[in-house]
Amino acid sequence: MRTVEIIGYKRETLGKKSAKDLRAEGLAPCVIYGGEEPIHFAVPMYLFKDIIYTPEVCFVNINIEGVEKTAIIQDYQLHPISEVLLHADFLELNESKPIKMEVPVKFVGSSPGMQMGGKLVAKLRKIKVKALPANMPENVEVSIEGLELGKSVRVGAIEAKDYEILYNDSVTVGSIAIPRALRSAMDAADAE
């Protein structure tokens with residue numbers, strides 16, 4: 001799993017005014033929990049570009065005034081208009097405790113339906129999985145090998161190696177859609 005490094009500074013005061021002042025300085029108020037006690041800290045907002053403004057998932061190595069913690073981003077809030085980061089919550093990782101994360105879906109293989117002009121439609125862009133930190137995948141590979149026009153692949157068809165998929169097996173991950181032009185050509189051929 002990819003790891004991103006960020007540097008944080010302990011927060012002396014908590015509350016709305018303090019958080020507003022931090023944001024005015026370009027810092028995002030954050031908290032990390034999951035250890036002995038929660039740690040409140042602030043991080044320069046630009047360091048989040050590789051964490052939340054990307055479809056990829058990652059572990060975060062946080063250096064808070066010399067104390068290093070490995071974590072995942074658990075939750076964050078963005079301003080509804082300006083999309084400025086308002087707050088971020090991190091969960092400290094413990095190598096012996098499983099964690100839950102949403103990881104991107106990666107479609108692999110070639111589909112006869114796509115070769116005939118069909119289009120791959122992703123119903124799920126991310127899948128929630130549960131695994132130990134050492135076994136957490138960067139993405140979940142979904143095979144579309146042999147998928148015909150109009151057919152779909154479901155969660156039950158995914159081979160989970162060292163992780164557990166937290167979705168029902170009947171949920172559709174992706175399908176091969178029949179384009180309108182191809183459908184009308186097929187209907188015309190059937191009518192003859």
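Asp50 and Lys49 bring their side chains together in a salt bridge, with N and O 3.9 Å apart. This is a predicted model, and the tally of such charged pairs comes to four salt bridges. On the cysteine side, the whole structure turns up zero disulfides. Here's a quick tour of three of the pairs, then the cysteines.

**Asp50 and Lys49**

- With N to O at 3.9 Å, this pair makes the count because the cut-off is within 4 Å.
- As for surroundings, Asp50 is partly exposed, at 36% relative accessibility.
- Its partner Lys49 is exposed, with a relative accessible area of 51%; that label applies because exposed means over 50%.

**Asp21 and Lys17, within a helix**

- Asp21 pairs up with Lys17 in another salt bridge, and here the closest N and O atoms sit 3.2 Å apart.
- Both residues belong to helix 1, which runs over residues 16–24.
- They're four residues apart, or about one turn of the helix.
- Asp21 is partly exposed, its relative accessible area being 36%.
- Lys17 is exposed, with 62% relative accessible area.

**Lys69 and Glu92, across two strands**

- Lys69 forms a salt bridge with Glu92, where the closest N and O atoms are 3.7 Å apart.
- This one ties together distant parts of the chain, with the two positions 23 residues apart in numbering: Lys69 is in strand 5 (residues 67–78) and Glu92 in strand 6 (residues 85–92).
- Lys69 is buried, at 16% relative accessible area; the cut-off for that label is under 20%.
- Glu92, on the other hand, counts as partly exposed, with 24% relative accessibility.

**The cysteines**

- A search for disulfides across the whole structure comes back with zero.
- Cys30 isn't in a disulfide, and the nearest cysteine sulfur, which belongs to Cys58, is 13 Å away.
- Looking from the other end, Cys58 has its closest cysteine sulfur in Cys30, and at 13 Å that's too far for a bond, because a disulfide needs the sulfur atoms within 2.5 Å.
- Cys30 is buried, with a relative accessible area of 0%.
- Cys58 is buried as well, with a relative accessible area of 5%.

Definitions and conventions: Residues numbered from 1 in each chain as written. Predicted model: local features only at pLDDT ≥ 70, side-chain atom pairs only at ≥ 80, totals over all residues. Heavy atoms only, no water. Buried < 20%, exposed > 50% of the residue type's maximum accessible area, 1.4 Å probe, protein only.
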